Amino acid sequence: MIHMGKGLAWLNGQPIGIYWPRLVSFENPCVKGCDYRGTFKPDKCVTGCGEPSQRWYHVPRSWFKPSGNILVILEEVGGDPTKVAFSKRKMSTVCSSVAEDYPSIDLESWKPDLNGDRSQDKAPRAHLKCPDSTHISAVNFASFGNPVGSCGSYSLGDCHDPLSKSVVEKACLNKNECAIELTEGNFSKNLCPGSTRKLAVEAVCR
């Protein structure tokens, strides 16, 4: 939406939201590196001068039809709608990170059993799902313990179950989606005593 001014957009009746890709400008020039020490000023560490505040807006793939898609734009300032473009992002990796104290109950289906018990506790699960017509072909990273980082940059912490990757591969390889339970049957129960452990996974979809 970089060539538009300010307004609202819809795709096939679904609201993409407000767009306003205004250019960022400040009195003081932009800097390459920031040093926040000293007296505070609102524009002390300015970056992105002359660049738009936002140019990309996420549109879920499920909103598209095979053909006959309709994009409606309500423009308030003025722009060139012929230069609006869509860019498809192909997802090749999927990630999941879940701690052992993560709530594992689906509240919408949380109903009492015949004895009126609502506990129905289950072990937390790490879920992975590839796009349609693809499957999990490899596991790039898997660690149960205290892994650090985020999707695309996970790394081992100082506490790690060496069997983590083999457990995930056994549950997920060649499947479109899978779930790995954080149970003692899958991972070491004596790992990281006194701390909350988690499982972080990054897999490849093909």
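In this predicted model, S96 is found in strand β4, where its relative accessible area of 11% places it among the buried residues, because buried means under 20%. Leaving aside its neighbours within four places in sequence, S96 is in contact with A126, H127, L128, Y154, L199, A200 and V201. One polar contact can be added to this picture, since a polar atom of the S96 side chain lies 3.3 Å from the backbone nitrogen of H127. The C-alpha atoms of S96 and C151 are separated by 7.8 Å, although the two residues are 55 residues apart along the chain.

The strand that holds S96 belongs to a chain with 1 helix and 8 strands, which, read along the sequence, follow the pattern β-β-β-β-β-β-α-β-β. Of the 206 residues of the protein chain, 25% count as buried, and the chain exposes about 14200 Å², of which carbon and sulfur atoms supply 52%. Among contacts between residues at least 6 apart in sequence, 69% join residues at least 24 apart.

From here one can turn to the interior. The largest nonpolar core has 23 residues, and those with the most contacts inside it are L128, I136, V168, C172, I180, L199 and V201. The elements that give two or more residues to this core are β4, β5 (125-129), β6 (136-145), α1 (164-172), β7 (177-181) and β8. A second, separate core of 6 residues includes M1, Y19, Y57 and V84. Within the largest core, L128 can serve as an example: leaving aside neighbours within four places in sequence, L128 is in contact with V94, C95, S96, I136, C172, N176, E177, C178, V201 and A203.

Strand β8 (residues 198-205) also carries a charged residue, E202, which counts as buried at 11% relative accessibility. A polar atom of the E202 side chain lies 3.0 Å from the backbone nitrogen of G152. Not counting residues up to four places away in sequence, E202 touches T93, V94, C95, V139, N140, F141, C151, G152, S153 and Y154.

Side chains of opposite charge can pair when their charged atoms come close, and a search of the whole structure finds 3 salt bridges. In one of them the side chains of R197 and E100 meet at 2.9 Å, N to O, linking the loop between β7 and β8, which holds R197, to the loop between β4 and β5, which holds E100, across 97 residues. R197 counts as buried at 13% relative accessibility, whereas E100, at 28%, counts as partly exposed.

E181 forms another salt bridge with R125, the closest N and O atoms being 2.9 Å apart; because E181 lies in strand β7 and R125 in strand β5, this pair ties together parts that are 56 residues apart in sequence. E181 is partly exposed, with a relative accessible area of 26%, and R125 is partly exposed at 37%. Strands β5 and β7 are also linked by K129 and E177, which lie 48 residues apart and whose side chains meet in a salt bridge of 3.7 Å, N to O. Here K129 counts as partly exposed at 44% relative accessibility, and E177 likewise at 47%.

The surface offers a nonpolar feature as well. F64, L71 and F86 form a nonpolar patch with about 250 Å² of accessible area together. F86 is found in the loop between β3 (71-75) and β4 (93-99), and its relative accessible area of 45% makes it partly exposed.

Note on methods. Residues numbered from 1 in each chain as written. Predicted model: local features only at pLDDT ≥ 70, side-chain atom pairs only at ≥ 80, totals over all residues. Heavy atoms only, no water. Patch = residues over 30% accessible without salt bridge, like charges linked within 9 Å, V, L, I, M, F, W, Y side chains within 5 Å. Areas by Shrake-Rupley, 256 points an atom, 1.4 Å probe, with all protein chains shown as cover. Salt bridge = Lys/Arg side-chain N within 4 Å of Asp/Glu carboxyl O. Helix = DSSP H or I, 4+ residues; strand = E, 2+ residues; numbered from the N terminus. Buried < 20%, exposed > 50% of the residue type's maximum accessible area, 1.4 Å probe, protein only. Polar contact = N/O pair within 3.5 Å; in protein donor to acceptor, adjacent residues only side chain to side chain. Contact = heavy atoms within 4.5 Å. Core = buried A, V, L, I, M, F, W, Y, C linked by side-chain atoms within 4.5 Å.
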